[in-house]
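The following exercises concern the empty spaces of a protein model and the chain that surrounds them. Each task is followed by a solution in steps.

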Amino acid sequence: MRGVYVAGVGMTNVGRHTNTSLRDLGGIAALKAIEEAGNERPEALVIGNMLSSLIEQENLASLIGDHIGLRGVSGFKVEGACGSGGVAIMTGYSLIASGLFNKVLVVGVEKLLERPPSDVIRGLAYAADADYELVHGVTFSGLNALVMRYYMGKHGIDYEEIAEWSVLMHRNGSRNPFAQLRNEITLEDVVRSPLIADPIRLYDSCPLSDGAAAVYLVSEKLRRVNDTPVTIVGIGNALDSTDLTSRPELDDLLASRVSADKALRMAKVRVEDIDVAEIHDAYTITAALSIESIGFAERGRAPRMWCEGRFSPGDKPTVNPSGGLKARGHPVGATGVYQLAEVVMQLRGDFPGVKVPAEIGLTQNIGGVGSNATTVVLKR
Amino acid sequence: MKNVLLNISASKCLRCGYTVYPPKMRCIRCGSGEIVYVNLPREGEVLSYTVVRAPAKGFEEFTPLIIALIRLGEARILSEVVEVNPEEMKVGMKVVATIRRTARTIDGGLPYVVKFKPLESGSEVGSNQPDSFPS
């Protein structure tokens, strides 16, 4: 298998993009990545997106490809719920590793906020099991709340210990110019925010977001296009059920755990060697489960560790210096691509927010309540 | 009719015995395709629950909506719990299946589904609740 390198990245601010269309969002991020990669014309375009059907637009590779002058290149959209960006990266990686292409542009894009929130909440729940779960009206927050209450009871963890994650994420996000939520908050702000699905409060949840990010992947042959190329040394994806009920253990995110094992094994990197990670904290509980599944903490230990200052800037690993989904925001199908672009910038030393001196980085993007996860390991 | 609707089918593996809901075509533990459908008991115990206060479109009239993860015999099911106040919900609470209306489908259908109610609030058959299944 051939090596795959990241020659350029691009992203838009995350937030409410009332006056920028889906094609413009994707185009802005894509053109920035192409520019960083020496204005080389890509041979293929892979789009990660979950819910463009909500705004009545599919066929995104043609829409965005044509918009930025790529008629004639290969292209398609891939989907893996909130993990669509990670799946798009895995696809782009495969297209190069297989030898089919030397230059692949991966764009994650999502634009949801032109729909009313109740439509978006219903749409996000499409990631769950329509026949057996959604028929009861459970939301995505509701499913995560079931896991959170179970986790708190099983491990004897207080709500406040988990909620402390949001305080840390807002602190990191306040320094990221691309982040949606740039205000610092206190634990009391989290605890006093309205319940959306007990025990999950508003401030335990990521915001609804629009945004786009892009990464330009190249083979060894094209490595010269950037003088500090970052290498993808390991990548792994894994599936789990869409339903929660058939899982043997509710707080074991199998897909997250297996995808991390695959990526670390492929990279020949130990989890202790990771300097910086961007993980999928759609809710505070998701942060705990992702951190534990990757192996940064033992099961049931992550919240105590972040309350003791672990995973903060200065620690190894520093987790979510971007502010994570919680503060950077969660433009669903774009999130996995944001994570990769952010870690690439950390390894190059040009991330414009909290900087982490790093040689080895990791990203983990999760779709559904852990039903599809992609982990990537990168080296400078 | 109502008794048939209250059947909750899980898949049971004939090789290793593992039972899951929703039913699968192959065993999630040993991979065997030798699967039979079995009915789960109608009485169970709440393993976890939430109260959905920000509803999905179409579920406004059911909000606050109590959703529980319930152990039914060897398997678990996710469903709504009715006839109880949110503050009375508890992990470990005993519940029993009942048939109730849920939100309209996108094509305007009015589906009836299995929901659960506290075990002490009476038998599931012959309920006089206004939205129970018409007999």
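**Exercise 1. Describe the fold of chain A in terms of its secondary structure, dimensions and burial.**

Step 1. Chain A contains 12 helices and 12 strands, where helices (H or I, at least four residues) and strands (E, at least two) are DSSP runs numbered from the N terminus. The model is predicted: local features need pLDDT of at least 70 and side-chain atom pairs count only at pLDDT 80 or more, while totals for chains, interfaces and linings use all residues. Residues are numbered from 1 along each chain as its sequence is written, chains are lettered from A and ligands numbered from 1 in the order in which they are written, and side-chain values use heavy atoms, with hydrogens and water left out.

Step 2. The C-alpha trace of chain A spans about 55 × 45 × 40 Å along its principal axes. Its radius of gyration is 19 Å, which agrees with the value near 21 Å for a compact globule of 380 residues; the radius is taken over C-alpha atoms, and the globule rule is 2.2 Å times the number of residues to the power 0.38.

Step 3. Of the 380 residues in chain A, 67% are buried (under 20% relative accessible area, with a 1.4 Å probe and protein chains only).

Step 4. Among contacts (heavy atoms within 4.5 Å) in chain A between residues at least 6 apart in sequence, 78% join residues at least 24 apart.

**Exercise 2. Characterise the largest pocket and the second largest pocket.**

Step 1. On a 1 Å grid over the protein atoms alone, a pocket is an open set of points with protein on both sides within 12 Å along at least five of seven lines, a cavity is a set where a 1.4 Å probe fits but cannot get out, and lining residues have an atom within 4 Å of a point. Points are joined across faces, edges and corners, and a volume is the space filled by probe spheres set on them.

Step 2. The largest pocket has a volume of about 610 Å³. Its lining comprises 30 residues, with Leu202(A), Ser205(A), Cys206(A), Pro207(A) and Leu208(A) nearest the centre. The elements giving two or more residues to this lining are α4 (117–124) and α5 (140–155) of chain A, and α4(A) provides the largest share, three residues.

Step 3. This lining has 19 nonpolar, eight polar and three charged residues (nonpolar: Ala, Val, Leu, Ile, Met, Phe, Trp, Tyr, Cys and Pro; charged: Asp, Glu, Lys and Arg; polar: the others, Gly among them).

Step 4. The second largest pocket holds about 360 Å³ of space. Among its 16 lining residues, Arg122(A), Ala130(A), Leu134(A), Val135(A) and Phe59(B) are the closest to its centre.

**Exercise 3. Locate the cavities and place Ala288(A).**

Step 1. The whole structure has two cavities of 30 Å³ or more, and the largest cavity has a volume of about 80 Å³. Its 13 lining residues include Asn144(A), Thr286(A), Gly368(A), Val369(A) and Gly370(A), which are the closest to its centre. Helices α5 and α9 (284–294) of chain A each supply at least two lining residues.

Step 2. The second largest cavity contains about 40 Å³, and strand β1 (residues 9–13) of chain B gives the most to its lining, with three residues.

Step 3. Ala288(A) lies in helix α9 of chain A and counts as buried because its relative accessibility is 0%. Beyond residues up to four places away in sequence, Ala288(A) touches Tyr151(A), Ala302(A), Pro303(A) and Trp306(A).

Methods
Buried means under 20% relative accessible area, exposed over 50%, partly exposed in between (1.4 Å probe, protein chains only).
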